[in-house]
Amino acid sequence: KILIIGACGQIGTELCAALRKVNGAENVLASDVKLLNDTPFTIRPYVQLNVLDRHTLHTLILKEKITQVYHLAATLSATAEKHPLKSWDLNMQGLLNVLDIAKTDGLKVFWPSSIAVFGANGPKAFSPQHAITEPSTVYGISKVAGELWSKYYHDLYGVDVRSIRYPGLISHSAPPGGGTTDYAVDIFYQALRFRQYTCFLKPHTTLPMMYMEDAVRATLQLMDAPAERLTVRTGYNIHALSFAPEQLAQEIGKHLPTFKMYYQPDARQLIAESWPASVDDRYARNDWGWQPQYDLSAMVTDMFKNLKQEIPQT
Ligand code: VAH
């Protein structure tokens, strides 16, 4: 049975749906800090859970006979800069609680790392799998530490914990919260409602990005791979596409000709500039057959196809 921690988040919402399609809803228990009454009916079976409450987490895992945990609860990059120690605590202690229970109960674990592990002194393009990881954000520091703890629990205790360094993720099922790449999601909602968007990054800020469909498929592919195929136990680089705000604006303009983009860079510009524009994902391709399916045009087309149903057209 699978437990998803952070099932109400941008990734959690989509992974929950995908895992339930494969395993049946009754075999995938969703959890998040939100109270049951504050969650959509569709997310059931659901339990309110704070991953920092280790005893409750362990009791739940034993009671529900959980064998796999997808740990997706964390504070993202921009928000973590506003609450450094609280974010470090959630991102680090939350993962350690999961890893230590996995050690005693033999659980298989997935948790998301991020291209935020890279810092400004690493290669700007095609960051290698084993590159310098000296991030300048609390979020990035927690992801590097999380990767090293994961490798430690795998190498010393045999915990089967797997991770992917996600790029910025674009999706239409759940709003992202507090990320530096969130502009690439908000822009679609604003474009449909107001035919304009004011971007908090500069026009040429190129970042690695990915459509959520690719990210979810990669996650299931990694988790289904035979353990002996895996040569990376920190976090796998994967790459789908890179674009700058001006390129996304141009692609959106093909669907909404009157769309106007404005720019008002804020503190997130510095975070974005510390990250690479692309990563080298040869290890993921070789070890478990990673292969992206969505390019910029396909992603934008699919986003509008889905959102036009959700947002009444002006
Ligand atoms: C963030 N969406 O912006 C996340 C992601 C690479 C970016 O880690 O913080």
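Reader: In this predicted model, how far does a polar side-chain atom of Ser77 lie from an oxygen atom of the ligand?

Author: The model is predicted. Ser77 places a polar side-chain atom beside a ligand oxygen, at a distance of 2.6 Å.

Reader: Which residue has a polar side-chain atom 3.0 Å from a nitrogen atom of the ligand?

Author: Two serines are not the answer: Ser77 pairs with an oxygen atom, and Ser114 also pairs with an oxygen atom, at 2.8 Å. The nitrogen partner, at 3.0 Å, is Thr181.

Reader: How much of the ligand does the protein bury?

Author: The residues around the ligand include Leu76, Ile115, Tyr139, Pro167 and Trp275. Taken alone, the ligand exposes 270 Å². Of that, the protein buries 95%.

Reader: Why do the buried residues of α8 line one face of the helix?

Author: In α8, residues 245-255, the buried ones are Pro245, Leu248, Ala249, Glu251 and Ile252. An α-helix has 3.6 residues a turn, so residues three or four places apart point the same way. Seen down the axis of α8, the buried residues line one face because they fall within an arc of 165°.

Reader: Which exposed residues does the face of α8 turned away from its buried side carry?

Author: The buried side is covered by elements including α6, β8, β11, β12 and α11. The face turned away carries exposed Gln250 and Lys254.

Reader: Which element gives the most to the largest nonpolar core?

Author: That core has 80 residues, and Leu248 and Trp288 touch the most other members. Beyond its sequence neighbours within four places, Leu248 contacts residues including Tyr183, Ala184, Ile187 and Phe188. With 8 residues, the top contributor to the core is α6.

Conventions
Residues numbered from 1 in each chain as written. Predicted model: local features only at pLDDT ≥ 70, side-chain atom pairs only at ≥ 80, totals over all residues. Heavy atoms only, no water. Buried < 20%, exposed > 50% of the residue type's maximum accessible area, 1.4 Å probe, protein only. Helix = DSSP H or I, 4+ residues; strand = E, 2+ residues; numbered from the N terminus. Arc of directions from axis to C-beta. Contact = heavy atoms within 4.5 Å. Near = heavy atom within 4 Å. Polar contact = N/O pair within 3.5 Å; in protein donor to acceptor, adjacent residues only side chain to side chain. Areas by Shrake-Rupley, 256 points an atom, 1.4 Å probe, with all protein chains shown as cover. Core = buried A, V, L, I, M, F, W, Y, C linked by side-chain atoms within 4.5 Å.
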